[in-house]
Amino acid sequence: MELNRQIAELALPTGFCLLEKRFVDVTIRYGVHPATTDRWKKILEIKALFEKEIGGSVYALLPGVVENSFY
């Protein structure tokens, strides 16, 4: 469940991207909810746990992150 949620948070319609870019995209479209920052903190915590488990960055495993985040 956590992995599925994490993957959804890493994707735009154009493909995978940095979490922070996705956060901004969703906030622009839907606005800020009182729980927004707590939700972001939890997502970043889950990301850190996955990265500890795999011994590296989750972004290294996902195609197109650089292109979808910076171009």
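This is a chat about a predicted model, covering one helix, an aromatic pair, some salt bridges and a surface patch.

Reader: Where is helix H2, and what span should its 12 residues have?

Author: Helix H2 runs over residues 19-30. At 1.5 Å a residue it should span 16 Å, and its end C-alpha atoms are 16 Å apart, which agrees.

Reader: Which residues of H2 are buried?

Author: Leu19, Arg22, Phe23 and Thr27 are buried in H2. Seen down the helix axis, the buried residues fall within an arc of 130 degrees, so they line one face of H2.

Reader: What comes just after H2?

Author: Glycine 31, which takes a positive phi of about 85 degrees.

Reader: New topic. How many aromatic pairs does a search of the whole structure find?

Author: The search finds 1 aromatic pair. Phenylalanine 23 and tryptophan 40 form it, and the pair is stacked, with 4.9 Å centre to centre and 10 degrees between the planes.

Reader: Which parts of the chain does the pair link?

Author: Distant ones: phenylalanine 23 is in helix H2 and tryptophan 40 is in helix H3 (residues 36-54), 17 residues apart.

Reader: Is phenylalanine 23 buried or exposed?

Author: Phenylalanine 23 counts as buried, because its relative accessibility is 5% and the cut-off for buried is under 20%. Tryptophan 40, at 25%, counts as partly exposed.

Reader: OK, salt bridges. How many are there in the whole structure?

Author: A search finds 4 salt bridges. Among them, aspartate 25 meets arginine 22 at 3.3 Å, N to O. Aspartate 25 also forms one with arginine 29, where the closest N and O atoms are 2.8 Å apart. Arg22, Asp25 and Arg29 are thus linked in a network of salt bridges.

Reader: How many residues apart are the partners in helix H2?

Author: Aspartate 25 and arginine 22 are 3 residues apart, about one turn of the helix. Arginine 29 and aspartate 25 are 4 residues apart, also about one helical turn. An α-helix has 3.6 residues a turn, so residues three or four places apart point the same way.

Reader: Which salt bridge lies in helix H3?

Author: Lysine 47 and glutamate 51 meet in a salt bridge at 3.1 Å, N to O, and both lie in H3, 4 residues apart. Lysine 47 counts as buried, at 13% relative accessibility.

Reader: Last one. Which residues form the nonpolar patch on the surface?

Author: Val66, Phe70 and Tyr71, with about 410 Å² of accessible area together. Tyrosine 71 lies in the segment after helix H4 (65-70) and is exposed, with a relative accessible area of 75%.

Definitions and conventions. Residues are numbered from 1 along each chain as its sequence is written. This is a predicted model: local features need pLDDT of at least 70, side-chain atom pairs count only at pLDDT 80 or more; totals for chains, interfaces and linings use all residues. Side-chain values use heavy atoms; hydrogens and water are left out. Helices (H or I, at least four residues) and strands (E, at least two) are DSSP runs, numbered from the N terminus. The expected span of a helix is 1.5 Å times one less than its number of residues. Buried means under 20% relative accessible area, exposed over 50%, partly exposed in between (1.4 Å probe, protein chains only). The arc is that of the directions from the helix axis to the C-beta atoms. Rings of Phe, Tyr and Trp (its six-membered ring) pair if their centres lie within 6.5 Å; planes under 30 degrees apart count as stacked, over 60 as edge-to-face and the rest as tilted. Patches are made of residues with over 30% relative accessible area and no salt bridge: like charges are joined within 9 Å, nonpolar side chains (Val, Leu, Ile, Met, Phe, Trp, Tyr) within 5 Å. Accessible areas come from the Shrake-Rupley method with a 1.4 Å probe; for residues, only the protein chains shown count as cover. A salt bridge is a side-chain nitrogen of Lys or Arg within 4 Å of a carboxyl oxygen of Asp or Glu.
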